[in-house]
Amino acid sequence: MEKEFSTAEPVSASCESITPTKVPTESENKESSKGVKEAATDLTTSAAADTTTRTTTAKTTTTKESSTESVLHPKPTKSQIHWAPLTVPLKRRMQMLVLLIWTCMIPICFSVYFYAMCYPFLWPLILAYTTYLVFDKAHESGGRRISWFRHSRIWRHFAGYFPISLVKECKLDPDRNYVFGYHPHGIISMGALCNFGTEATHFSSLFPGIVPSLLTLESNFKIPFYRDIIMALGLASVSRKSCENILSSGPGRSIVIVIGGAAESLTARPGVTDLILKRRLGFIRIAIKHQAPLVPVFSFGENDLYDQLDNAQGSIVWIVQKKMQALLGFTVPLFHARGIFNYDMGLMPFRHHVVTVVGKPVQVPALDEGQTEPTREQLEAVQKEYIHELESIYHKYKDVYAKDRKRDLCIID
């Protein structure tokens with residue numbers, strides 16, 4: 001800012017040579033003061049703008065650094081697990097308890113068996129039971145069905161967990177034997193166990209005179225104590241000898257086979273129904289030899305009870321599962337579902353409605369005189385009719401019981 005007063009010439013020793021300074025007028029003072037204020041305002045504005053620019057630049061730099069840090073070190077997100085409330089009704093708690101016990105039944109039975117060995121005074125009993133376990137063949141003739149156990153209230157809690165229900169398409173003649181084909185396999189075939197291994201869904205009332213035996217792997221009857229539990233439910237071995245023994249044991253005696261087996265369990269996923277059926281001719285052969293009509297059974301919701309890890313063909317998981325199946329006759333899908341106290345993580349099945357529809361029987365051709373085995377043409381003709389009836393069940397009820405499906409029924413093999 002320029003000086004407001006200045007001397008025109010340097011000061012002299014003489015008084016006469018001094019030139020008087022001009023005194024500014026009042027108007028000039030006002031204008032000068034106004035100019036000072038404007039200059040000060042301009043400086044303040046400039047400083048503020050400069051400060052704002054520096055602040056904006058700093059914020060931008062900080063934002064960039066923060067963005068980079070969030071990429072390199074992402075912040076943990078909140079848990080996505082949905083916990084069950086404490087106010088769950090006692091009835092549902094009982095259902096969960098029954099499912100938990102059944103899911104853990106095999107490890108429980110093994111634990112009891114080996115724990116008993118720790119006490120020498122029980123060794124004679126353990127030895128006697130082990131001998132019985134090795135030589136007993138009751139599982140090849142229909143098991144040791146116990147009526148009160150099949151009708152126990154425990155199984156009503158089991159069925160109510162999902163829930164599971166049974167639908168009857170037509171009446172079955174109690175004077176004939178039948179071969180029921182159950183689809184899909186799912187992960188553990190909960191619907192098959194509940195409908196044909198217990199009376200929770202009133203099978204005997206819907207189909208009076210029909211006595212079904214649900215068939216399972218021979219290896220299940222090598223498990224101590226567990227074998228006795230499933231035989232009390234009427235389960236039997238899926239071996240050919242077992243099938244023939246049951247179908248020959250009298251009118252109404254029938255077998256239930258989960259057709260897809262272990263291979264189909266590897267394709268079980270929510271909303272998807274991929275069946276392995278085209279190469280399954282053994283159950284048709286047995287049905288023709290014993291003149292037992294084939295009854296297709298489709299269980300909506302069976303595949304929705306569990307999910308499993310990705311096991312696309314050729315993946316490491318798929319290779320390991322296939323090798324296990326080749327060695328042991330079964331495989332274990334790497335499944336997961338919900339927990340006891342949460343809805344998102346665990347090994348308990350999801351609560352999803354399972355509706356099992358028992359279709360119309362497919363008649364089988366009679367063997368010619370002297371013919372002991374059905375021909376390939378007979379097997380394929382019956383299979384074609386069986387698949388047609390199975391697909392009819394699916395398409396009839398899919399919009400009622402499979403509304404959340406991702407795609408329709410597909411027979412992949």
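Below are some exercises on this predicted model, each with a worked solution.

Before you start: numbering runs from 1 along each chain as its sequence is written, and side-chain values use heavy atoms, with hydrogens and water left out. Because the model is predicted, local features need pLDDT of at least 70 and side-chain atom pairs count only at pLDDT 80 or more, while totals for chains, interfaces and linings use all residues.

**Exercise 1: the overall picture**

Work out how many helices and strands the protein has, and what share of its residues is buried.

Solution. Start with the secondary structure: it comes to 14 helices and 11 strands. Helices (H or I, at least four residues) and strands (E, at least two) are DSSP runs, numbered from the N terminus. Next, burial: 41% of the 413 residues are buried. Buried means under 20% relative accessible area, exposed means over 50%, and partly exposed is in between (1.4 Å probe, protein chains only). Last, take the contacts with a separation of 6 or more: 78% of them join residues 24 or more positions apart. Contact here means heavy atoms within 4.5 Å.

**Exercise 2: the sheet**

Find the strand order of the open seven-stranded sheet and name its edge strands.

Solution. Walk across the sheet and you get β1-β10-β7-β2-β5-β3-β4, with mixed pairing. Two strands pair if DSSP finds at least two bridges between them. The edges are β1 (164–168) and β4, each pairing on one side only. For a look inside the sheet, take β2 (residues 179–183) and β7 (residues 294–300): five bridges hold this pair in the parallel sense. Here His183 stands opposite Phe298 in β7.

**Exercise 3: strand β3 and its neighbours**

Describe how β3 pairs with β5 and β4, and give the hand of the crossover from β3 to β4.

Solution. First, β3 itself covers residues 211–216, and five of its six residues are buried. On to β5 (residues 253–258): four bridges join this strand to β3, and the two run parallel. Ser213 has Ile255 as its bridge partner in β5. Then β4 (residues 236–237): two bridges join this strand to β3, again parallel. Thr216 is partnered by Ser237 in β4. To get from β3 to β4, the chain goes through helix α9 (residues 226–232), and this β-α-β crossover is right-handed. Right-handed means that, with the strands pointing away from the viewer, the path from the first strand over the helix to the second runs clockwise.

**Exercise 4: helix α3**

Check the span of α3 against the expected value, then work out how its buried residues are arranged.

Solution. Helix α3 (residues 105–116) has 12 residues and at 1.5 Å a residue should span 16 Å; the end C-alpha atoms are 17 Å apart, which agrees. The expected span is 1.5 Å times one less than the number of residues. Now the burial: Met105, Cys109, Tyr113 and Ala116 are buried. Looking down the axis of α3, these buried residues fall within an arc of 75°, so they line one face of the helix. The arc is taken from the directions from the helix axis to the C-beta atoms. What covers them includes α2 (90–103), α4 (123–135) and α9.

**Exercise 5: three buried polar residues to track down**

For His139, Gln383 and Arg253, state where each one sits and which polar contacts its side chain makes.

Solution. Go one residue at a time.

- His139 lies in the loop between α4 and α5 (147–150). His139 is buried, at 2% relative accessible area. Its side chain makes a polar contact with the side chain of Glu218 at 2.9 Å. A polar contact is a pair of N or O atoms within 3.5 Å; within protein, one must be able to donate a hydrogen and the other to accept it, and residues adjacent in sequence count only if both atoms are side-chain atoms.
- Gln383 sits in helix α14 (residues 376–401). At 10% relative accessibility, Gln383 counts as buried. Its side chain reaches the backbone oxygen of Leu277 at 3.1 Å and that of Lys278 at 2.7 Å.
- Arg253 lies in strand β5. At 14% relative accessibility, Arg253 counts as buried. Its side chain reaches the backbone oxygen of Val211 at 2.8 Å and makes a polar contact with the side chain of Ser249 at 3.5 Å.
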